[in-house]
Amino acid sequence: MQKSLHINPDKCTGCLQCEMACSFENYGTFNTAKSRIKVFDFHQTGRKVPYTCTQCDEAWCLHACPVEAIKLDAVTGAKVVLDDVCVGCKVCTIACPFGTVNYVHDTGKVQKCDLCGGEPACAESCPTGAITYVDADWTGLDRMKQWADKLGNQPSAA
Amino acid sequence: MAWAGKILRVDLTKGTCTSEPLRMDWAKQYLGQRGLATKYFVEEVDPKVDPLSPANKIIWATGPLTGTMASTGGRYSVITKGPLTGAIAASNSGGYWGAELKMAGWDMVIFEGRSAKPVYLSVVDDKAELRDAAHLWGKTVWQTEEILKKEAQDPLTRVSSIGRSGENGVLFACIVNDLHRAAGRSGVGAVAGSKNLKAIAVRGTRGVGNIHNPKEFMKVTREKKKILHDHPVTGQGLPTYGTQVLMNVINETGALPTRNGRDVQFEGASKIGAEAMAEKRPTDGKSQLVTNQACFGCTIACGRISKIDETHFSVVNKPEYWGATGGLEYEAAWALGAATGINDIEALQYANMLCNEDGYDPITFGSTVGAAMELYELGLITKEKTGGIELKFGSAEALCKVAELVSRGEGFGKEIGLGSKRLCTKYGKPELSMSVKGQEFPAYDPRGIQGMGLTYATSNRGACHLRSYTVASEILGIPVKTDPLVTEGKPELVKAFQDATAAFDSSGICVFTTFAWTVADLAPQVAAACGDEFTLENLNLIGERIWNMERDFNNKAGFTRKDDDLPARLKTEAAKTGPAKGLTSGIDKMIPEYYQARGWDTDGRLTAETRSRLGL
């Protein structure tokens with residue numbers, strides 16, 4: 001079974017523990033500026049929305065890379081940047097329609113979510129379940145269940 | 001070791017910024033944030049200094065756990081000598097600003113002197129410089145944040161600033177960050193204003209590393225997060241209802257100071273509490289409460305995000321106030337509501353927004369309005385004096401108008417800006433100020449919760465609930481239930497809470513975790529981050545050392561036994577209703593026992609033995 005990150009903004013409180021966990025996993029420091037997942041705070045509405053790579057099947061970044069530095073991890077389905085191949089040309093950052101692959105000035109390479117090899121630190125650290133790592137074919141299961149529950153509580157039509 | 005190891009010293013008179021290594025010997029004795037910054041402060045500043053003079057200093061300080069994975073690890077404190085009290089002031093704030101400063105690579109920023117013209121400090125990682133703030137002077141906190149983010153061309157810049165009240169010398173002006181988180185009490189914003197310092201804009205991209213034992217730190221912080229998550233207060237009560245969960249509880253306890261302390265129960269309490277915030281309004285079918293919000297790294301998420309009723313008289317034709325913003329917390333709702341006898345929750349939200357927008361403390365503000373209302377009803381403040389405002393208990397219109405005047409620094413707002421002690425003294429009734437050491441006490445009446453009387457009387461920054469929140473024990477039974485109506489055992493309880501809180505306030509962690517955690521939960525997190533010597537015993541000792549250091553400063557500033565007292569009303573006018581009916585505060589009995597528990601002499605001064613035991 002392949003899994004994917006599933007985001008439910010309704011549950012996000014804006015605590016940024018996902019950003020800290022991501023940077024710690026990849027750089028060994030707590031540094032939200034280096035996180036591959038970002039939480040956006042729309043303060044006029046009170047909404048907070050975590051956003052990161054959704055690992056497209058036909059990934060624009062992967063196809064655009066001139067040196068084949070972005071590879072498919074067949075186990076997790078993640079599109080992974082190979083640091084020793086990446087030349088920092090940033091073409092992938094132009095190709096990605098969602099902005100989730102970005103250049104890192106310090107390293108001269110690009111970075112994007114690689115699902116932490118199958119144990120994403122962001123989901124593990126999220127205290128509210130706004131970010132979960134679930135069966136990729138059934139990301140809608142929880143929402144279906146909510147509505148099913150509503151239906152189940154209706155008086156019988158008989 | 002979790003500290004950045006570096007402090008920034010800004011000389012506002014000369015306009016210079018210099019980097020210094022952190023005194024690690026002091027960090028080991030005073031941890032960080034409140035404790036460590038106070039150590040720097042007492043070493044460098046004359047206790048007799050005029051708080052609003054250039055000789056006073058003001059420090060923004062993070063803790064070792066600020067900007068780390070430890071839950072709630074986003075706190076910073078502002079330390080100075082407070083203009084409202086003349087005592088040591090340490091005000092604590094959440095939001096995201098503290099973590100940003102730490103991630104830029106600084107433990108604290110010390111400001112000294114006074115700038116000849118308005119300036120703000122820009123910090124981008126290592127690079128720090130003072131910049132002209134002429135265009136920001138006269139702007140609100142909300143405008144200042146927007147302008148500075150635009151100027152930096154970086155929406156992730158975090159801003160800590162003063163509003164117009166800090167510029168105008170309102171003695172209870174705050175320092176506000178992230179629009180509605182505040183270092184709220186003791187007038188720290190007025191000190192910044194007196195130095196012509198408008199704001200600090202920070203962007204940090206270096207991160208917080210240097211963790212003593214990273215693997216253990218991740219493991220232990222995860223375990224402690226689970227405790228917060230599973231606890232009924234931090235896992236359910238606070239995220240769902242916020243601190244407002246207390247309004248009905250404290251009212252039923254008969255400890256909700258009402259109409260400037262005349263009563264201990266408010267008949268309108270249910271209209272201004274958590275349930276009222278969640279109720280759908282008849283006007284628009286929406287509730288005032290929109291959602292809850294966390295500060296940096298927080299598992300609890302007690303913050304309230306609210307929207308005011310657009311049809312309410314206070315905001316008709318003012319769409320700038322219609323968006324979602326920081327909502328009512330318990331202390332603010334009490335001060336703006338119960339202390340003034342006002343049950344219009346939309347008016348309270350409006351006044352609360354103005355407090356955030358222009359940076360002033362809703363506790364002192366609301367309590368001062370309550371005192372002014374009493375003076376008005378006694379005929380001592382006249383309608384001419386208020387500029388036509390009918391300043392009667394219960395008047396929502398009066399509250400909204402007075403808040404607008406304080407924000408703009410106009411008319412009667414200038415008198416309210418003095419705080420209740422100076423206002424009541426001016427009108428010949430100093431005893432009507434519900435304050436200790438010049439700072440107004442918050443939302444717990446010492447007649448109904450006896451331990452809080454001792455908490456207020458002995459708090460080093462003037463009356464305050466956040467120095468030893470014995471409500472946890474006396475009302476909620478955390479960690480053990482004690483009887484709120486008796487004084488027995490309270491001196492020891494208050495001492496233990498004061499010391500523990502000082503340790504939490506110096507670590508970078510929010511004191512709200514203490515509903516579920518004790519120092520025994522904090523210690524392994526500090527130890528994994530900072531070094532194995534930070535055991536439970538050591539943190540308790542550090543907390544006690546910090547408390548005594550603050551006390552010693554206050555003694556040298558001129559505070560004596562007579563300043564550890566409550567307003568006469570609480571000692572002579574018994575509670576009229578509720579479980580505490582017939583009771584007054586037993587403060588006079590508790591003080592000598594407390595001094596003894598502290599190892600102080602009968603005048604409240606540290607004995608030589610206590611000094612040597614604590615290494616002071």
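**Figure 1. Chain B as a whole.** With 616 residues, chain B has a radius of gyration of 22 Å (taken over C-alpha atoms), which agrees with the value near 25 Å for a compact globule of that length; the rule behind that is 2.2 Å times the number of residues to the power 0.38. This is a predicted model, where local features need pLDDT of at least 70, side-chain atom pairs count only at pLDDT 80 or more, and totals for chains, interfaces and linings use all residues. Residues are numbered from 1 along each chain, and chains are lettered from A in the order in which they are written.

**Figure 2. Burial and contacts in chain B.** Buried residues (under 20% relative accessible area, 1.4 Å probe, protein chains only) make up 67% of chain B. Take contacts (heavy atoms within 4.5 Å) between residues at least 6 apart in sequence: 69% of them join residues at least 24 apart.

**Figure 3. The largest cavity.** A cavity here is a set of points on a 1 Å grid over the protein atoms alone where a 1.4 Å probe fits but cannot get out; lining residues have an atom within 4 Å of a point. This one holds about 120 Å³ of space. Of its 16 lining residues, A:Cys53, A:Cys56, A:Cys61, A:Cys96 and A:Thr100 lie nearest the centre.

**Figure 4. The second largest cavity.** Here there's about 100 Å³ of space. The lining has 13 residues, with A:Cys22, A:Cys113, A:Leu115, A:Cys116 and A:Cys122 nearest the centre. In chain A, α1 (17-27) and α4 (121-125) each give two or more residues to that lining; helices are DSSP runs (H or I) of at least four residues.

Technical notes:
Heavy atoms only, no water. 1 Å grid on protein atoms, 1.4 Å probe; cavity = no way out; pocket = protein on both sides within 12 Å on 5 of 7 lines; lining within 4 Å. Points joined across faces, edges and corners; volume = space filled by probe spheres on them. Buried < 20%, exposed > 50% of the residue type's maximum accessible area, 1.4 Å probe, protein only.
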